[in-house]
Amino acid sequence: MKYRDFPPTELSVEGIKKQIADYVTAAKVAIQECGFNGIEIHGGNGYLPEQFLISNINKRTDAYGGTPEKRCTFVIELMEELKEAIGEDKLALRLSPFGLYNQAKGTQRLETWGYLCRELKKRMKLSFVHFIEPRYEQVHSLEEKEKCECSSLEMVCMTGR
């Protein structure tokens, strides 16, 4: 089997709602049946939440894509549903806003992740948010490193300017 024979397809809105429901079910099982103290949603490194956040992966033109705010919709809806299901004090989120996994070189990173963080802060008090720092070993060639938008984003992240 080759990848080109099975290209990824866009989730329907119904499919998105099912994915969120599956996360909620798994969280409830972890907390209520397995005795976990909390859960951390992996929203980085190419996992589904990050796929919605990155502009060169998320090509949607509906309520789930097209602008930084709309690209955050899936993650916000997911975290809202999880908050209702298990409580915000048992909920955390991992993000990799500067990650380059699978050639994720989206634009508007500061706008997207900035909006996401502000919205989550307004809506809930998460146990924690886990940010993965930028790592240049993810960039595969010197040429890519020199062109990488991460250098300027890192400076903004470190200095606030």
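**Notebook: strands, a helix and a pocket**

I began with strand β1 (residues 39-43), which pairs with β2 in the parallel sense over 5 bridges. Two strands count as paired if DSSP finds at least two bridges between them. Strands here are DSSP runs of E, at least two residues long, and helices are runs of H or I, at least four residues long, both numbered from the N terminus.

I noted the background next. The model is predicted, so local features need pLDDT of at least 70 and side-chain atom pairs count only at pLDDT 80 or more, while totals for chains, interfaces and linings use all residues. Residues are numbered from 1 along each chain as its sequence is written, and side-chain values use heavy atoms, with hydrogens and water left out.

**Entry: the sheet**

I looked up the strand order. The sheet is open, has 3 strands in the order β1-β2-β3, and its pairing is parallel. Which strands are at the edges? They are β1 and β3, each pairing on one side only. I also checked the twist: neighbouring strands are turned by 20° against each other on average, direction ignored. Axes are lines fitted to C-alpha atoms, for helices over the stretch in contact, and angles run from 0 to 180 degrees between N-to-C directions.

I then picked out single partners. G43 has L95 of β2 as its bridge partner. On the other side, β2 pairs with strand β3 (residues 128-131) in the parallel sense over 4 bridges. There, R94 has H130 of β3 as its bridge partner, and A92 stands opposite F128.

**Entry: buried or not**

I followed the side chains along β1. They alternate: I39, I41 and G43 point to one face and are buried, while E40 and H42 point to the other and are not. Buried means under 20% relative accessible area, exposed means over 50%, and partly exposed lies in between (1.4 Å probe, protein chains only). How many residues of strand β2 (residues 91-95) are buried? I found 4 of its 5. In the protein chain, buried residues make up 38% of the 161 residues.

**Entry: helices**

I counted 7 helices and 3 strands in the protein chain. Helix α4 (residues 73-86) lies across β1 and β2, running at about 155° to β2. I stopped at E69, which is found in helix α3 (residues 68-71). E69 is partly exposed, with a relative accessible area of 38%. Its C-alpha atom is separated by 6.5 Å from that of Y115, 46 residues apart along the chain.

**Entry: contacts**

I took contact as heavy atoms within 4.5 Å. Of the contacts in the protein chain with a separation of 6 or more, 70% are between residues 24 or more positions apart.
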